[in-house]
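The exercises below ask you to work through one protein model, a strand at a time and then a pocket at a time. Please keep the sequence and the structure in view as you read each solution.

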Amino acid sequence: MRTLKGPAIFLAQFAGDKAPFDTLESLAKSSRQIAAKNLQAVGDCIRLRDAFAAERIPMLFVKGASLARLAYRSPFAKQSKDIDILVGTSDFSRAALLLGNLKFTPAPPVTVATATKWHRRMKESEWARSDGGQIDLHGRLANSPKLIPGLGVESPCQEVEIAPGETLR
C-alpha cells in the first residue's frame, strides 16, 4: 500500500478521495520544486539588495517574493521565473555593470555597454546566470512612459519581510 508523504498529505486534505494518488504525488513534487526555486530566488534577492546598496544604486523589487509575501503570506507560495528590479534611468549603466559583476549576462540584443541605450526605448532587459537565475532589469514598469507616469524607484514604497530579519523595498 502506498502512503502519501509531506506536501501530498496537505494536498489530500483539500482533495479528499477525489484525487488519485499519482495526481497528489505529482502536485506535491511540483510544489516542492516551486518552493526550492523560490528559496533560491529569495537568497538572490537578498544578495542583489546588498550589492545594490553597497554600490549606492537605488532600486525596488517589483512583484516576485515581496508580492508573494504580501498576497499569500509566504514568498514561497507563488511561482516565479525571474526577479524584477526597478532602477532609475541615471543608474542603468552602473546597474548593468553590477549585474555583469554578479555573473548575469544580458539577453541579446542588449549588452552591458548598450544597456542605457536599450532602456531609453524598452521598459526592461533580461539578464541570466548560468545556474538558471534570471533578472528583469526595469527602467520603468510600462513600455510607454506615459502609461504609468511618475512611478519610479523613488516612489513611496514599503519594506516587505521575506525571511526573518530580511526585507526588500
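## Exercise 1: A strand and its neighbours

Four bridges join strand β2 (residues 83–87) to β5, and the two strands run parallel; this, like everything that follows, is read from a predicted model.

**Task.** Work out which residues pair with aspartate 136 of β5, and explain why β5 is described as largely enclosed.

**Solution.**

Step 1. Begin on the side of β2, where aspartate 84 has aspartate 136 of β5 as its bridge partner.

Step 2. Turn next to strand β4 (residues 124–128), which is joined to β5 by five bridges and runs antiparallel to it; here glutamate 126 stands opposite aspartate 136, and serine 125 stands opposite leucine 137.

Step 3. Look at the directions of the side chains in β5: Gln134, Asp136 and His138 point one way, whereas Ile135 and Leu137 point the other way, and all are buried.

Step 4. Apply the cut-off for buried, which is under 20% relative accessible area. Because five of the five residues of β5 (residues 134–138) are buried, the strand is largely enclosed by the rest of the structure.

## Exercise 2: The two faces of β4

**Task.** Determine which side chains of β4 are buried and which are not, and find the partner of proline 106 in this strand.

**Solution.**

Step 1. The side chains alternate along β4, with Ser125 and Trp127 pointing to one face and buried, while Glu124, Glu126 and Ala128 point to the other face and are not buried.

Step 2. Strand β3 (residues 105–106) is joined to β4 by two bridges in an antiparallel arrangement, and within β4 the bridge partner of proline 106 is tryptophan 127.

Step 3. Follow the chain from β4 into β5 through their hairpin, which has five residues between the strands and in which glycine 132 takes a positive phi near 100°.

## Exercise 3: Two pockets

**Task.** Describe the largest pocket and the second largest pocket by volume and by the residues that line them.

**Solution.**

Step 1. The largest pocket has a volume of about 250 Å³, and of its 17 lining residues Phe61, Val62, Ser66, Cys157 and Arg169 lie nearest its centre.

Step 2. Its lining divides into 11 nonpolar, four polar and two charged residues, with β1 (59–62) and α3 (64–72) each supplying at least two of the lining residues.

Step 3. The second largest pocket has a volume of about 160 Å³, and its lining has two nonpolar, five polar and five charged residues.

Step 4. Helix α2 (residues 21–54) gives the largest share of that second lining, four residues, and the lining also includes Gly132 and Gln134, residues already met in the hairpin and in β5.

Notes. Residues numbered from 1 in each chain as written. Predicted model: local features only at pLDDT ≥ 70, side-chain atom pairs only at ≥ 80, totals over all residues. Heavy atoms only, no water. Buried < 20%, exposed > 50% of the residue type's maximum accessible area, 1.4 Å probe, protein only. Pairing = 2+ DSSP bridges. 1 Å grid on protein atoms, 1.4 Å probe; cavity = no way out; pocket = protein on both sides within 12 Å on 5 of 7 lines; lining within 4 Å. Points joined across faces, edges and corners; volume = space filled by probe spheres on them. Nonpolar A, V, L, I, M, F, W, Y, C, P; charged D, E, K, R; others polar.
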